[in-house]
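In this notebook I record what I looked up about the place where two chains come together. I also followed up one residue of interest.

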Amino acid sequence: MRLIVPLQGVVQGRGGLILGSLIPCALFYFLQFYLKRHRSPPRNPPSPSSSAANLSELPRSSSRANLTTRGSIGLVHVSARAKAVAAPNDSPYYIGLDRVREDPYDEMSNPDGVIQLGLAENRLSLDLIEDWLSKNLTGSILGVGGNGLGLSGIATYQPMDGLMEFKVAMADFMTEVMGRTVSFDPSRVVLTSGATPALEILSFCLADQGNAFLVPAPYYPGFDRDMRWRTGVDLIPVHCRSCDNFTLSITALEQSFNQARKRGQKVRGILISNPSNPVGNLLNRDMLYDLLDFARERNIHIISDEIFAGSKYGNEEFVSMAEIVDSEEADKDRVHIIYGMSKDFSVPGFRVGVIYSFNENVLAASRKLTRFSSVSTPTQQLLVSVLSDKRFTQEYIKMNKQRMRSTYDLFVAGLKELGIECTKSSAGLYCWVDMSRLISPYNEKGELDLWDKLLNIAKINVTPGSACHCIEPGWFRFCFTTLNEKEIPIVMERIRKVVESCKPPM
Amino acid sequence: MAIEIEHELSAVGLSKVAVSDTHGEDSPYFAGWKAYDENPYDESCNPSGVIQMGLAENQVSFDLLEEYLENHSEATNFGSTKTSGFRDNALFQDYHGLISFRKAMASFMEQIRGGRAKFNPDRVVITAGATAANELLTFILVDPGDALLVPAPYYPGFDRDLRWRTGVNIIPVHCESSNNFEITTEALEAAYKEAESKKIRVRGVLITNPSNPLGATIKRSILEDILEFATRKNIHLVSDEIYSGSAFSSDEFISIAEILEARDYKDCERVHIVYSLSKDLGLPGFRVGTIYSYNDKVVTTARRMSSFTLISSQTQQLLASMLSDKKFTENYIRINRERLKKRYEMIIDGLEKAGIQCLKGNAGLFCWMNLSPLLEESTKQQELELWKLILHEVKLNISPGSSCHCSEPGWFRVCFANMSEKTLEVALRRIHDFMERRNTVKRNNGL
């Protein structure tokens, strides 16, 4: 089912019938071939496959529970939703992540392992937080947090959408990290176990099954899962091009909207990421106003995923959708912001996401839905402690930006030496790299060939543009905040090997 | 006037899920909580406030947890050493969950079952609470429009958890007081036929064992019958065993895992267990739930879907430490059972003295109280009138059987583990006085 839907989309609208059939078919066959070559044995759960005859001789022990049911898997029905989710990962984004999991690079123990440049994770400033914790939180977790309520404060049932103290702390942090140009209101903060469920909850609230959101492409591969898997909602990519530095054009947005209408598909909103992922652009004030106008004229929503707002290393200013809405009294009802602690604050494991909405009904529904995705109370209390130290958070934000800047500069310089250019980006944990001259043929197959070489020969995991729905082949997302300074030359050397072999013959 | 209409027309639309009331928060079950929130009982500051007996929370063994956490701060807090592992933990967002945590959960589940069943850590899928686990399993096992059979009376939250976003139906399997509300194959068959007549496909049976709201474990023979029924119809069996550690005596609780073990795991690919630390360990705020499935495909799918509901890595680490401390867990499980048993006996005794009977229970944080003799007519309206009376006059929030879909009016679920013994005494006294007043009125009216 998952494969059919994107095929339908290409055939119906963009690229015409021929391209629409050929490219997906080529992709499909190539991926099947790739999977056959690289399929690793299923890891979970470990189970010896014994013949029926031997089983009766096995002693009764825990190994019984490990046995795969002999040939009767799948006899009992699972839902269509489950079948789609259980299908082998066919996106290079996920395949790459799995490869790193299986063979992760480690300076000491596994120097030939795969280096992770495919996960937007910030490892540059964790030591600052660790330092703070070692100085300030030395007792048991019972003493942590605002109220000194002891165990009751963390163990008992709390509001599913988050403790009030934590909402206040998050609102303050968002205000600080976005440059203090707008003040966030704690009563509009809804906490979720990560930005992933925050997006899904909004998708459930704003659209019915079969409806769609317009999304500027290239976009974060995870949106396909977060917005669509269980909701039955569709994503319509609005293609951005290198000639525009991959910035969104309202004309393209309008075209996509009209095409959807012709197909009879109801568009419920626009999903933007600002700073954008994977390109790293910031949407400027004019663009944001234009988007709001566009949404108003068609009476649709805007979801602004601002999760990288504090990960700015350039000099351009970041403007939050909240700031735009602040100066426009009407129209607040259609604007919703996503935030989280996984990027700017480097704690993805803690599972903290935020839905920030100006629509009371959306807030009411979201709050009720957080019962399926709530934040662990001890973690809330821990973060309340850290975030209450305003001096620390300001220092952290500043230092983090500096470190990102220097790593970015080193990384981009390294690529430049190899003759590889990136778009000029200002934020995010990654850069958007142009390797289009190195792929052959100049299409998705060529791009995936290069991706494959980078993954299996150079042993670096990067995200190919096709996984991000980029319409131009040859672009890759390289995350650089997972690296320390020592590792950058290692990465460059590995890339060099592959690049040399890809250069067209003189 | 014209401006108002314009504004209404231009309001931006929301989804059906957002505007539906399947969340059920308008039912009496939740209305009672509101009354409590507005006027909560407090021993010193508000001795005439509403006592909350509608929340199944376990506070009887807090001291044991507190002691552990105080004495093991190095295991539970990052701050103490530089090489504390904070960095790796903070970055860990793998949906497989920490292996140490899964091992600890599997072993804790084994301990609760007295070692009578084995659990493989690789089949443990983590979720942020049992609420999420139940919803996730429903998404995986059931298509929208299809149904789950759920023995009634059942936990009111199921209406929301199993149906709201999933689009799935619940067909109640009616159980009767005449045989202690035990689940019978006849009742299962009747529910199945009801679904068929409505052209609804049944995809599974979801049982809670020990049962909420009955406060009783399910007998071995009945578990076998239920599994047999599920096998015959080729449907799934979900066993929510969230109260397994709250059975008053370890031998009285039989897990579906034991039934499977006894028959060599035949047909196990249709069986899935839900567990959580919210009841047995009294840690609902931690948001810790698990799905344990014997079906590989379900494990893989659930694991991927758990991306929407992962447990904080900090919490996983803390619990991995605590739950692998076998001395602590053995001691905790034993003492917790004893204290819950004592509370149960205290409340049954107190209610008996007030002339009220309860279903014979042996597990859980509540008892199933029979007030049907107090109803003039055996109707749902009368039950709700009585419930309102108890809420506003006696100032106790208890859960009416109708919100649990009980087919017989007059039964109520009364929680006893979320308060101190003193508070329980106050509640029992109030009930006693209430019953006295009623009997006096009756006598005076010559009835």
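Entry 1. I began with the area buried between chain B and chain A, which is about 8,500 Å². Carbon and sulfur atoms give 57% of that area. I note that the model is a predicted one. On the side of chain B, I found that B:R165, B:R304 and B:F308 lose the most area to chain A, together 10% of what that side buries.

Entry 2. I then looked up the residues in contact. I recorded 99 residues of chain B in contact with 91 residues of chain A.

Entry 3. Next I turned to the salt bridges and polar contacts. Three salt bridges are found across the interface of chain B and chain A. I examined the one between A:R101 and B:D94, in which the closest N and O atoms are 3.5 Å apart. For polar contacts, I noted 27 residue pairs across this interface, both residues being at pLDDT 80 or more. Helix α13 of chain B, residues 296-305, gives the most to the side that touches chain A, namely eight residues. I also sorted that side of chain B by class and entered 41 nonpolar, 31 polar and 27 charged residues.

Entry 4. Finally I looked up B:S306, which I located in the loop between α13 and α14 (313-323) of chain B. Is B:S306 buried or exposed? I entered B:S306 as buried, because its relative accessible area is 0%, and the cut-off for buried is under 20%. Leaving out residues up to four places away in sequence, I found that B:S306 touches B:Y95, B:V125, B:I126 and B:L136.

Methods. Residues are numbered from 1 along each chain as its sequence is written. Chains are lettered from A and ligands numbered from 1 in the order in which they are written. This is a predicted model: local features need pLDDT of at least 70, side-chain atom pairs count only at pLDDT 80 or more; totals for chains, interfaces and linings use all residues. Side-chain values use heavy atoms; hydrogens and water are left out. Contact means heavy atoms within 4.5 Å. Buried area is the accessible area (1.4 Å probe) that two parts lose on being put together, summed over both. A salt bridge is a side-chain nitrogen of Lys or Arg within 4 Å of a carboxyl oxygen of Asp or Glu. A polar contact is a pair of N or O atoms within 3.5 Å; within protein, one must be able to donate a hydrogen and the other to accept it, and residues adjacent in sequence count only if both atoms are side-chain atoms. Helices (H or I, at least four residues) and strands (E, at least two) are DSSP runs, numbered from the N terminus. Ala, Val, Leu, Ile, Met, Phe, Trp, Tyr, Cys and Pro count as nonpolar, Asp, Glu, Lys and Arg as charged, and the others, Gly among them, as polar. Buried means under 20% relative accessible area, exposed over 50%, partly exposed in between (1.4 Å probe, protein chains only).
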